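Got the model open in your viewer? Keep the selection box handy, and we'll go from stop to stop.

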Amino acid sequence: MVAAAIRPGRTRLLWVETPANPMWEITDLAAVCDLAHSAGVRVAADNTVATPVHTRPLEHGADLVVHSATKYLNGHSDVLAGAVLTARRDPFWERIRSWRRNAGAVPGPFEAWLLQRGMRTLFLRVHRASDSALGIATHLAAHPEVAAVLYPGLPSHPGHQIAARQMTGGFGGMLSIRLAGGAERALALLAAVRVFKRATSLGGVESLMEHRRTMEGPSSPVPADLLRLSVGIEDPADLIADLDAALGAAHGAAAAPPTPAG
């Protein structure tokens with residue numbers, strides 16, 4: 001599919017995100033980079049979700065790596081920032097630096113300090129979130145109210161073998177679940193959680209949940225029964241208990257007969 005999309009002489013950049021939000025598909029970075037480079041195409045990898053803790057795309061052949069530093073690098077949901085890294089200092093990189101300098105796309109001193117503060121705990125936070133996400137995914141995979149758990153750390157995930165090869169120390173703190181009762185059950189679960197916060201973001205110390213289809217609007221390709229979870233650093237037992245209670249409440253709400261009009 002990737003090979004068919006490359007137009008020799010016209011395609012100049014291949015953009016990769018792995019794991020890919022919100023279905024968490026896995027891309028073989030080394031294979032994609034070899035394919036792109038054979039056609040003279042640069043590869044940029046969005047490494048926001050995997051973070052440098054789990055994946056270092058430059059080591060797999062990527063030319064550029066980008067991060068939404070607002071997410072895991074900062075880790076406290078209080079900074080808007082981004083980062084671009086390069087495998088080599090070439091004329092293309094100098095053009096990027098020139099664009100940044102001329103456009104003024106640089107963080108202020110306080111934002112830079114907040115980002116530096118957050119990065120001091122990056123490895124601790126990411127490992128904790130990853131361990132908790134795996135525990136949650138494993139627990140929910142056997143839950144009768146959950147139709148599917150999308151998480152590359154599960155052996156049943158179609159990209160698990162590739163993820164295990166190119167990710168180290170864990171599979172990230174992001175997962176998605178699809179509810180057996182469809183969109184209605186998903187929204188009921190979202191309304192019932194108490195420890196998880198209902199919000200759109202990821203990579204912070206707090207655990208978040210969102211109905212992606214609602215956030216993106218009617219043109220969204222995301223299934224309506226899908227909820228995206230960003231696992232934070234809370235006690236994983238509390239998070240699992242919250243999900244179990246919310247799943248029970250959502251099932252009860254769906255099973256309850258309609259109230260007669262009075």
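Select Asp225 and Arg178: their side chains meet in a salt bridge, N to O at 2.9 Å. (A salt bridge here is a side-chain nitrogen of Lys or Arg within 4 Å of a carboxyl oxygen of Asp or Glu.) This pair links distant parts of the chain, 47 residues apart: Asp225 sits in the loop between helix H9 (212–216) and strand E9 (226–230), and Arg178 in strand E6 (residues 174–179). Helices (H or I, at least four residues) and strands (E, at least two) are DSSP runs, numbered from the N terminus. Asp225 counts as buried at 13% relative accessibility, whereas Arg178 counts as partly exposed at 28%. The cut-offs are under 20% relative accessible area for buried, over 50% for exposed, and partly exposed in between (1.4 Å probe, protein chains only).

A word on what you are looking at: this is a predicted model, in which local features need pLDDT of at least 70 and side-chain atom pairs count only at pLDDT 80 or more, while totals for chains, interfaces and linings use all residues. Residues are numbered from 1 along each chain as its sequence is written, and side-chain values use heavy atoms, with hydrogens and water left out.

**The sheet around E6 and E9**

Now show the strands E5, E6, E9, E8 and E7. In that order, these 5 strands form an open sheet with mixed pairing. Two strands pair if DSSP finds at least two bridges between them. Strand E5 (146–150) and strand E7 (197–198) are at the edges with a single partner strand each, so one side of each has no neighbour in the sheet.

Zoom in on strand E8 (residues 208–210) and E9, which run antiparallel and are joined by 3 bridges. Which residue stands opposite Glu210 in E9? Select Arg228 and you have it. Glu210 and Arg228 also belong to a network of salt bridges that includes Arg212 and Glu216.

Add helix H8 (residues 182–192), which packs on the sheet and touches E6, E7, E8 and E9. Contact means heavy atoms within 4.5 Å. The direction of H8 makes about 125° with that of E6; axes are lines fitted to C-alpha atoms, for helices over the stretch in contact, and angles run from 0 to 180 degrees between N-to-C directions.

**The other sheet**

Next, pick E1, E2, E3 and E4: an open sheet of 4 strands in the order E1-E2-E3-E4, again with mixed pairing. Strand E1 (13–17) and E4 are its edge strands, each pairing on one side only. Direction ignored, neighbouring strands here are turned by 20° against each other on average. E2 and E3 run parallel, with 3 bridges joining them. To see how they line up, select Ala45, which stands opposite Val65 in E3.

**Helix H4**

Select residues 91–103, which is helix H4. Its 13 residues should span 18 Å at 1.5 Å a residue, and its end C-alpha atoms are 18 Å apart, which agrees. (The expected span is 1.5 Å times one less than the number of residues.)

Which residues of H4 are buried? Phe92, Trp93 and Ile96 are. They cover an arc of only 105° around the axis, so they are on the same side of H4; that arc is taken from the directions from the helix axis to the C-beta atoms. What covers them includes strand E2 (42–46), E3 and E4. Rotate to the face turned away from this buried side, and you'll find the exposed residues Pro91, Arg101 and Asn102.

Still on H4, pick Glu94 and Arg97, whose side chains form a salt bridge (3.4 Å, N to O). They are 3 residues apart, about one turn of the helix. Glu94 is partly exposed at 32% relative accessibility, and Arg97 is partly exposed too, at 28%. Just after H4, Gly104 has a positive phi of about 75°.

**Last stops**

Try Asp78 and Arg117, a salt bridge with its closest N and O atoms 3.1 Å apart. Asp78 is in the loop between strand E3 (64–68) and strand E4 (82–86), Arg117 is in helix H5 (residues 109–119), and the two are 39 residues apart. The salt-bridge count comes to 10.

Finish at Thr51 in helix H3 (residues 51–54). Buried or exposed? Thr51 counts as buried, at 1% relative accessibility. Leaving out residues up to four places away in sequence, Thr51 touches His67, Tyr72 and Val126.
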